[in-house]
Number of protein chains: 2
Amino acid sequence: MNIDDRKSLINVLTGKDKADLAVVDACVFNVYTGELLHNHSIAMKGELIAYVGDAPGEIIGPDTVVINAAGRTVIPGLIDGHTHLADCKYSPYEFLKRAMAGGTTTVITETMEPFPIAGYEGVADFLEALKDQPIKIFATAPAMVSISGNVKIPEREIIKNLLSRADVLGLGEAYWQGVMQRLDEFLPNFTEAMKAGKSLEGHSAGARGKKLMAYVATGVTSCHEPISLEETVDRLRLGLHVMIREGSIRKDLAATSAIKDKGIDTRRLILVTDGVNPPELLERGYMENVLQRAIDLGFNPVNAVQMATLNPAQYFGLDRITGGLAPGRHGDMLIIPNLREIRAEYVISRGKVIARGGELIVMPGRYAFSHSTLNSISIPGKVRAADFLIRAKKTSGQVNARIIDLVTDLVTKEYITSLPVIDGIINVDINRDILKIAAIDRANARGRIFTGLFRGFNIKRGAIASSSAWDSSDIIAVGTNEEDMAYAVNRVHSIRGGAVVCVDGNILSEIPLPIFGLMTDIPLEDLSDKFKEMTGIIKGLGFPFDDPLLTLATLTGAAIPYIRICEEGLINIKDGEKLDLFPS
Amino acid sequence: MNIDDRKSLINVLTGKDKADLAVVDACVFNVYTGELLHNHSIAMKGELIAYVGDAPGEIIGPDTVVINAAGRTVIPGLIDGHTHLADCKYSPYEFLKRAMAGGTTTVITETMEPFPIAGYEGVADFLEALKDQPIKIFATAPAMVSISGNVKIPEREIIKNLLSRADVLGLGEAYWQGVMQRLDEFLPNFTEAMKAGKSLEGHSAGARGKKLMAYVATGVTSCHEPISLEETVDRLRLGLHVMIREGSIRKDLAATSAIKDKGIDTRRLILVTDGVNPPELLERGYMENVLQRAIDLGFNPVNAVQMATLNPAQYFGLDRITGGLAPGRHGDMLIIPNLREIRAEYVISRGKVIARGGELIVMPGRYAFSHSTLNSISIPGKVRAADFLIRAKKTSGQVNARIIDLVTDLVTKEYITSLPVIDGIINVDINRDILKIAAIDRANARGRIFTGLFRGFNIKRGAIASSSAWDSSDIIAVGTNEEDMAYAVNRVHSIRGGAVVCVDGNILSEIPLPIFGLMTDIPLEDLSDKFKEMTGIIKGLGFPFDDPLLTLATLTGAAIPYIRICEEGLINIKDGEKLDLFPS
């Protein structure tokens, strides 16, 4: 906000000018005091709130657009304090349409997805797509914990550069195991975030006691991973801001909501999505859905609304800009039926009505991503079925093999079993659900492939490949046979990124993801249909959980226990060390 | 905190090292959750907290200093979010001794007092005196609202420079009338504070409705001036952080404490002193006294302690450093009998016991102020009695004169009355309590004098002069005759600053204030005695209120209604305009 903006507010308040837009006669929720104030009006000039009170008087002139909100409640625009916009498959444009319609006016997203694939330039291109939109999108710089030695932690100068941007509010999530294993590499970038006075997103899934405290001592300021009341309270007590996640990766509100009955100060609780997949975004909406869920679970609406507005604004240093309805703040607000029904009849962002009754009035901007962003699959030539063969050190007999064993949709463990060797080769065993899993580097060690063994995915035919694989620059492929694996990977390559299901050489389903190999520009409705179709097909092939693409993406991730895979081999998250496919 | 500090904490928490200091078996108040946690221990390494929990185990080694706090409560070190250390007469050294003993471990002070007198170099010298002390002292840069045209607003480059310092947390208080009268001059410096992400201290005494909102729209982030429940709630609703003041200038806790019963969120309430005079500091203490008073007035101790710890820490961006007891924070804490009795049995600051049972264990540093700081009274030659003559435009008869009329100890109004002119001169009229009041510039327009008329101070003999005069570089002098006024001012000059009471050419009492003409280096006990002696003498001369030096100091101030005086003349605070001594 510049000096002229401030003066224009003062002109309105001192009678020299009139408001542009006013919401009158509403029940206004004051997040600062926790009060519901009746017969209140909010008057805006340009992008900003000039007046909030019960006697606007001559501030409203003949040219002021007036929304009569009698019988309705006004709350500040909603904030998602943690998401991964590059990891939800839809484009920023499609995301924005839905988020705006529902009443989200501020989003803080990770940028860790473009970085391993396209480096600083990729992050900059992504940030460009988020700029100058009808709602505010901020980012965190990539902390970049990866199991792959080919994915580098951003150089300190890159982090300094990103943190100096007004649209970068902190350093993104840095998983505790990785950080504690490589303190000397991570702490310099942490120091930059602290020097900049910006947030340092934590990720302490499963940590407790002194291990959790040691991680807190690194300087992280938040965690969005608690999945129980106990974990939530533990982290709050240690001074962390706790983000309660309700999105497609996990839904933690129900399991953590008991905190509302414990007399615990909620000022450091923040509602976040951590990412919402296409059907959920389309069908349930965005932060309005999360907030509604919190209220439905019994949170006092006063606290719940604070958790989606003031609390994240304070945490991210946005308190002067948004998060509450007061003079000088952006005119970001929702008109809803009442404090228990988070359904936006109007959405106002920066002083403009952007949606009414769920219909957009202002459209987001479409961004033309750079050529390299749209051509991010860099593998020299085609892969062949033979590239996925697993060779033992002997030619026959039995060998002990280490298998990634899926115990939930996300968590794996080590499973060691004896497998037959035939002509020096280990084969899949579909009856025992022992499949092949491969990671193919598409950006750094280009074309490097590691193939391992995988149990729990349970498909009985074909293969699936996807260029969306966490914390890496890999294509991840699971298969019942090498031919379909190769076909699927080559198809991902030829469509410049995407997810592909291939059975017996036929593509049964595919989602093109040409933007970094992670996002598509097709309409959300079409994407949602394709996503559901693919999910259904993979479940039809035998997959036992909800979201096969999520399960696959997390296999390269550096945060979720215990065994993961990348182009370099199998990795034990516990210590970051490589594990031999054939344990000695 | 540097990387090695963080690693040393991690070494303790991972069993590689032992704590240096531990407080064990205590009832620990967790400000983040609002919980009192029993049988908890806090272990420190170096300056920082490593561990907080109920199972420290092997963290405590044979060389760990252990304080058994069974039956006792531990709270974070107290924070004064707003004071004027250069305006309380004692030196930083004497202040620190008392503040440390009582349990204050962080102070944020204004620097507006040295600036008009000694410019940027004066502020820098003052900041130097506050550096590297056993407790943390931060500052705000001078906003500098003055009624005198000779006191300049700091140049934007000076403000940028100061705001770039880690020990400067914001731009200091900028009184609303002055700001609104000179927006073009103040808003550029406000913008610098916002760009730096630092606080912008407000001062909206008496403002309400749209005028208050217009001031909030300038970007100010706090106000420490509410004197009623209504004013407190009004400011909270507008998004300001409200500092409730309980110090020597005013005591607002009693009048505002009803907020505790209104169900209003207290997260944005902060307890501050705004300055404590020598006897009060000596006899009542510092923030421990303010916090105790809040609790005695019925604030829930949980909220009250937050108001003196977490709330100011969050507001000033110190949350990562202090304000709560968690890993990575400074080891700043008090051991007290219980949450309703704020009496420090131990004070720990940055991991060291600095006081026990009210006795200091670590001493603050003494600072040698610069030569120019110690020689700040720059008046060319001596003043003479004739310099205080008030000349009318005629030689005899009656003339209407405008008189500064004291209506409380701080607030004045205009009083116009007819006075006789004798040989072209207007004289005091002791019977009608019409005295002379003069402002003598000692640093900018050096030696410039304006003499006006004053009612309500009510002394019947002598004169008082003081080099402590708010928002100006003036010596302020009140007198029943010109000879004593000249004598007192010259004495202030010859002792290089101070306050002097002179009756019939005899000095009845004096307090030397050689540091900027504002502070002394004599022990607090002696200063307190002198302060009380002088106060008693001036009251004995007829002064009807409590603190004559405060009343005098505020006469040049730019914040308190309505009529003020400086070396340029009489000023109307309402519009900032000069008022003629002889109204037409």
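How many salt bridges are there between chain A and chain B? The count is eight, a salt bridge being a side-chain nitrogen of Lys or Arg within 4 Å of a carboxyl oxygen of Asp or Glu. This is a predicted model, where local features need pLDDT of at least 70 and side-chain atom pairs count only at pLDDT 80 or more, while totals for chains, interfaces and linings use all residues. Residues are numbered from 1 along each chain as its sequence is written, chains are lettered from A in the order in which they are written, and side-chain values use heavy atoms, without hydrogens and water.

**Extent of the interface**
- In chain A, 62 residues are in contact with 62 residues of chain B (heavy atoms within 4.5 Å).
- The two chains bury about 4900 Å² between them, 56% of it on carbon and sulfur atoms; this is accessible area (1.4 Å probe) lost on being put together, summed over both parts.
- A:Lys210, A:Arg267 and A:Arg320 lose the most area to chain B within chain A, together 16% of what that side buries.

**A salt bridge to look at**
- A:Arg268 and B:Asp319 join their side chains in a salt bridge, at 3.0 Å from N to O.

**Symmetry**
- A turn of 180° with a shift of 0.0 Å along the axis lays chain A on chain B with an RMSD of 0.1 Å, superposed by least squares on C-alpha atoms of residues with pLDDT of at least 70 in both.
- That is the relation of a two-fold axis.
- Both copies use the same surface, as 100% of the contact residues of chain A recur in chain B.
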